[in-house]
Amino acid sequence: MKNKILFVICTLLLAGCAGIFKKGNSEHRHFLWKVSDENSSVWVLGSIHFADSTFYPLDSVIETAFSNAEELAAEININDDSVSQDVANKMLKQGLLPKGSTLDMVIPEDMWKTIDSLCLAWGYPPILLKRFRPWFAATTLSGIAFQHVGINPEYGIDAVLLERAANDGKTIVGLETADDQVNAVADTGSTDSSGIFYLKTTLREISELDSMISQMIRAWKTGDVELLRKAMNEDGFVDAADSTIQKNLEERMYISRNEKMSESIAEFLRDDRNVFVVVGVAHLTLDDDNVISLLRKKGFTVEQF
């Protein structure tokens, strides 16, 4: 897909450290933008939802912007137990196959063999996946894969900042609901065609995960937007039948969500609110329909730091 689907599944991507990205005559050091109107500004930071200790401490420009903000806005407040439980319940409700149907019955045999081999290598019982719809199996496998390469949601930039915001007494704003998050990936159609495509793409990306993670972390830590885009846009062949599914997934996962996020940020500015926003970096950098591009189209001044 145009975006690495594995990172979407885990609600992810990259956030700030040091390094310089040069484009034209300007220099940028972080996946951090200041969005302004005539009399107010909002900071927007790209997040990687799975990270490790090498991402910390965050650079001083990020720390200063965060410390001075009165509110923190994130895709969803994953550190709120009630919110996390709501997401988990909705995923489980939508993610189970009908009684009498199992995952190995609804996906191609070679795909199940790949899953079985992965689970064997990880020491994870594949039987635990058998009741899952393909999209839910994909989310589970991707989470396990990330942790096997040494990155963890506890170090995710949004998770760390959410915890700090709560400790600092900042107001926390969710840009999306549990339904928004789950519906972005859930496929409950009778054929599971979208979920099967999703799972197929996820399995391919898991096989390339070490290289992908290495490129993305290097891109992020050097502030290299173009390298990040290149790493996330290395697609496999998609046939005509899958092309329609891919477009529908992109609409659900990115395009419609980007518009909602950009409108929320625009509303913060119209209301002169002092907000620090943290969302997955893919929402801020990929192609022309990303949040940053949409904010520019809305007439706001946008600077990258």
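Buried means under 20% relative accessible area, exposed over 50% and partly exposed in between, with a 1.4 Å probe and protein chains only. Helices (H or I, at least four residues) and strands (E, at least two) are DSSP runs numbered from the N terminus, and residues are numbered from 1 along each chain as its sequence is written. The structure is a predicted model, in which local features need pLDDT of at least 70, side-chain atom pairs count only at pLDDT 80 or more, and totals for chains, interfaces and linings use all residues, while side-chain values use heavy atoms and leave out hydrogens and water.

**Exercise 1. State how confident the prediction is, and where the confidence is lowest and highest among the elements.**

Solution. Begin with pLDDT, the predictor's confidence in each residue, from 0 to 100. The mean pLDDT of the protein is 86, with 87% of its residues at 70 or more. Among the elements, the lowest mean, 34, belongs to strand E1 (residues 21-23), and the highest, 98, to strand E5 (residues 71-74). Over residues 1-26 the pLDDT is below 50, and this stretch nevertheless has 132 contacts in the model beyond near neighbours in sequence, where contact means heavy atoms within 4.5 Å.

**Exercise 2. Summarise the protein by its elements, its burial and the sequence range of its contacts.**

Solution. The count of elements is 14 helices and eight strands. Of the 305 residues, 53% are buried. Finally, take the contacts with a separation of 6 or more: residues 24 or more positions apart account for 83% of them.

**Exercise 3. Check the length of helix H9 (residues 193-207) and list its buried residues.**

Solution. The expected span of a helix is 1.5 Å times one less than its number of residues. For the 15 residues of H9 this gives 21 Å, and the end C-alpha atoms are 22 Å apart, which agrees. H9 is mostly covered, with 11 of its 15 residues buried. These are Ser194, Gly195, Ile196, Phe197, Tyr198, Leu199, Thr201, Thr202, Leu203, Glu205 and Ile206.

**Exercise 4. Describe how helices H5 (residues 109-122) and H6 (residues 134-148) pack against H9.**

Solution. Two packed helices are described by the angle between their axes and the distance between the axes. Here axes are lines fitted to C-alpha atoms, for helices over the stretch in contact, and angles run from 0 to 180 degrees between N-to-C directions. Angles under 35 degrees count as roughly parallel, over 145 as roughly antiparallel, 65 to 115 as roughly perpendicular and the rest as oblique.

The axes of H5 and H9 come within 11 Å and cross at roughly 45 degrees, and the two helices are therefore oblique to each other. On the H5 side, Met111, Thr114, Ile115, Leu118 and Trp122 meet Ile196, Leu199, Lys200, Leu203 and Ile206 of H9.

For H6 and H9 the angle is about 20 degrees and the axes are 8 Å apart, which makes H6 roughly parallel to H9. Pro134, Trp135, Ala137, Ala138, Leu141, Ser142 and Ala145 of H6 make the contact with Gly195, Ile196, Tyr198, Leu199, Thr202, Leu203 and Ile206 of H9.

**Exercise 5. Find which residues of helix H7 (residues 157-168) are buried and what covers them.**

Solution. The 12 residues of H7 should span 16 Å, and its end C-alpha atoms are 16 Å apart, which agrees. Its buried residues are Ile157, Asp158, Ala159, Val160, Leu161, Leu162 and Ala165. Their cover includes strand E4 (41-47), helix H2 (60-68), E5, strand E6 (171-174) and strand E7 (275-280). Just after H7, Gly169 takes a positive phi of about 80 degrees.

**Exercise 6. Place Asn258 in the fold and identify its contacts.**

Solution. Asn258 is in helix H12 (residues 240-270). With a relative accessibility of 1%, Asn258 counts as buried. Leaving aside neighbours within four places in sequence, Asn258 is in contact with His283, Asp289, Asn290, Val291 and Leu294. Asn258 and Leu294 are 36 residues apart in sequence, and their C-alpha atoms are 8.1 Å apart in space.

**Exercise 7. Examine the backbone at Pro57 and at Asp272.**

Solution. A cis peptide bond, with omega about 0 degrees, joins Tyr56 and Pro57, and Pro57 is in the loop between E4 and H2. Asp272, in the loop between H12 and E7, has a positive phi of about 55 degrees although it is not a glycine. At 43% relative accessibility, Asp272 counts as partly exposed.
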